[in-house]
Amino acid sequence: MRTYNGLVAKGRFHLTFPEHLIQEPVIYSVGKQFDVITNIRRANVEDRFGWVILEMEGPDDAMRDAVGWLSDKGIQVESLGGVVEG
């Protein structure tokens with residue numbers, strides 16, 4: 001994982017997926033595209049609705065970009081807390 005200025009962010013997020021994204025590999029894509037580590041802590045996925053508790057770790061700017069990308073796709077993103085470590 002690349003780090004910038006030694007800052008690595010860790011965060012936990014509650015993601016709520018709209019129906020049209022249930023079958024898409026969104027979590028894989030966000031990890032690959034933004035070089036963040038993802039860890040699914042809990043999830044409930046049904047035919048028309050889904051939510052995931054997702055931990056992400058990576059460079060602070062990559063984390064911000066990843067959260068913005070998820071929101072832009074129509075996923076509701078709620079931060080459940082996070083820390084920045086040096």
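Thr38 has Met56 in E3 as its bridge partner. The model is a predicted one. That pair introduces two strands, E2 (residues 37–45) and E3 (residues 50–59), which run antiparallel and are joined by eight bridges. Four residues lie between E2 and E3, and the two strands form a hairpin.

Now turn to the helices. Helix H1 spans residues 26–34 and helix H2 spans residues 60–72. Their axes come within 10 Å and cross at roughly 145°. The crossing of H1 and H2 is right-handed. On the H1 side, the contact uses Val26, Ser29, Val30, Gln33 and Phe34. On the H2 side, these meet Ala62, Asp65, Ala66, Trp69 and Leu70. Of the residues in this contact of H1 with H2, seven are nonpolar, two are polar and one is charged.

Which residues of H1 are buried? They are Val26, Ile27, Val30, Gly31 and Phe34. These residues cover an arc of only 135° around the axis, so they sit on the same side of H1. Tyr28 and Lys32 are exposed, and they lie on the face of H1 turned away from its buried side.

What covers the buried residues of H1? The cover includes H2 and three strands: E1 (8–17), E2 and E3. The hairpin strands E2 and E3 thus return here, as part of what covers the buried residues of H1.

One backbone detail remains, at the end of the helix. Asp35 follows H1, and its phi is positive, near 55°.

Technical notes: Residues numbered from 1 in each chain as written. Predicted model: local features only at pLDDT ≥ 70, side-chain atom pairs only at ≥ 80, totals over all residues. Heavy atoms only, no water. Pairing = 2+ DSSP bridges. Axes fitted to C-alpha atoms, helices over the stretch in contact; angles between N-to-C directions. Left-handed = near helix turned anticlockwise from the far one by under 90°. Contact = heavy atoms within 4.5 Å. Nonpolar A, V, L, I, M, F, W, Y, C, P; charged D, E, K, R; others polar. Buried < 20%, exposed > 50% of the residue type's maximum accessible area, 1.4 Å probe, protein only. Arc of directions from axis to C-beta.
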